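This report walks through one chain, from its overall build to its sheet, its salt bridges and its backbone outliers. Please keep the model in view while reading.

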Amino acid sequence: MANYYHIENVFCYSGGTEATAMFPKVVETLTNQGFEILKLSETENPVYAVKFAENEHAVICFSKKYNDDFNPKSAFASILTCDSADENCPIVYGAEARIPIKYEDPKKSDGTPEMNETYFNRSLEIATEMKFVFENLRKP
C-alpha cells in the first residue's frame, strides 16, 4: 500500500512469538491474489521472495521471532495482528509504537471445506484495512 500511495521509506518486517514456517495456504492465497512468490530454500523453515509489483524489489519472508537479527532493533512501529501476540508480547523492545490490530486467525478453518474462503477473506480484510491506513496517511 505504501508503494501504491507513493509513500516512501516504508519497510516491512515480520516476526512472531516463535519461529515455525510460513503455512503453505498463505503462499497459495497470496499467489492467487496476484503476488509472485519464489521459494528460495528447501528447509523446514523456507525462505520466500515475495514480489508485489513487477519493477519493485521482492520482500524476503520466512518465519522468525520478532527479535530475530533480520529485523530492525530500533526506530520501528510494532503492529501486533493476533490476540496471542498481543498477550505474549506486552513489550516489544526497540519499538517506538506498539499498535494492536487484531485479526481472527484463519487457521481455525484448517482442514475444513471453508479453508480456502477463510484465508482469502482474511487476506482481503487485511488488505482493505491497510488501504484505509495508507490512504489516510496521504491526507493533510
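Two strands count as paired if DSSP finds at least two bridges between them. Strands here are DSSP runs of E with at least two residues, numbered from the N terminus. Under that rule, Tyr 48 has Cys 61 in strand 3 as its bridge partner. The model is predicted.

## Overall build

The chain holds three helices and five strands. Along the sequence they follow the pattern α-β-β-β-β-α-β-α. The radius of gyration is 15 Å. The globule rule gives 14 Å for 140 residues, so the chain is as compact as a globular protein of that length. Along the principal axes, the C-alpha atoms fill a box of roughly 45 × 35 × 30 Å.

How much of the chain is buried? Of its 140 residues, 23% count as buried. The exposed surface of the chain is about 10,000 Å². Carbon and sulfur atoms supply 54% of that surface. Contacts tell about the chain's long-range links. Among contacts with a separation of 6 or more, 40% join residues 24 or more positions apart.

## The three-stranded sheet

Which order do the strands take in the open sheet? Three strands form it, in the order 1-2-3, and the pairing is antiparallel. Strand 1 (36-39) and strand 3 (59-61) stand at the edges. Each has a single partner strand, so one side of each is left without a neighbour in the sheet. Neighbouring strands of this sheet are turned by 25° against each other on average, direction ignored.

Now the pairings one by one. Strand 1 pairs with strand 2 (residues 48-51) in the antiparallel sense, over four bridges. Here Leu 38 has Ala 49 of strand 2 as its bridge partner. Strand 2 also pairs with strand 3, again in the antiparallel sense, over three bridges. The link between Tyr 48 and Cys 61 of strand 3 belongs to this part of the picture. In a regular strand, side chains alternate between the two faces of the sheet.

## Salt bridges

How many salt bridges does the chain have? The count comes to seven. The table lists three of them, with the N to O distance for each.

| Basic residue | Acidic residue | N to O distance |
|---|---|---|
| Lys 108 | Glu 104 | 3.6 Å |
| Lys 107 | Asp 105 | 3.9 Å |
| Lys 131 | Glu 135 | 3.2 Å |

Take the pair of Glu 104 and Lys 108, whose side chains meet in a salt bridge. Is each partner buried, partly exposed or exposed? Glu 104 has 47% relative accessibility, so Glu 104 counts as partly exposed. Lys 108 reaches 53%, which makes Lys 108 exposed.

Asp 105 and Lys 107 also meet through their side chains. Asp 105 is partly exposed, at 34% relative accessibility. Lys 107 is exposed, with a relative accessible area of 53%.

The salt bridge of Lys 131 and Glu 135 sits within one helix. Both residues lie in helix 3 (residues 115-137). They are four residues apart, about one turn of the helix. Their closest N and O atoms are 3.2 Å apart. Lys 131 has a relative accessibility of 34% and counts as partly exposed. Glu 135 is partly exposed as well, at 30%.

## Positive phi outside glycine

Which phi does His 6 have? The value is positive, about 55°, although His 6 is not a glycine. His 6 lies in the segment before helix 1 (24-32). Its relative accessible area is 64%. Exposed means over 50%, so His 6 falls in that class.

Ala 75 is another case. Ala 75 is not a glycine, yet its phi is positive, about 60°. Where is Ala 75 found? The residue is in the loop between strand 3 and strand 4 (76-80). Ala 75 is exposed, with a relative accessible area of 57%.

Terms used. Residues are numbered from 1 along each chain as its sequence is written. This is a predicted model: local features need pLDDT of at least 70, side-chain atom pairs count only at pLDDT 80 or more; totals for chains, interfaces and linings use all residues. Side-chain values use heavy atoms; hydrogens and water are left out. A salt bridge is a side-chain nitrogen of Lys or Arg within 4 Å of a carboxyl oxygen of Asp or Glu. Buried means under 20% relative accessible area, exposed over 50%, partly exposed in between (1.4 Å probe, protein chains only). Axes are lines fitted to C-alpha atoms, for helices over the stretch in contact, and angles run from 0 to 180 degrees between N-to-C directions. The radius of gyration is taken over C-alpha atoms; the globule rule is 2.2 Å times the number of residues to the power 0.38. Contact means heavy atoms within 4.5 Å. Accessible areas come from the Shrake-Rupley method with a 1.4 Å probe; for residues, only the protein chains shown count as cover.
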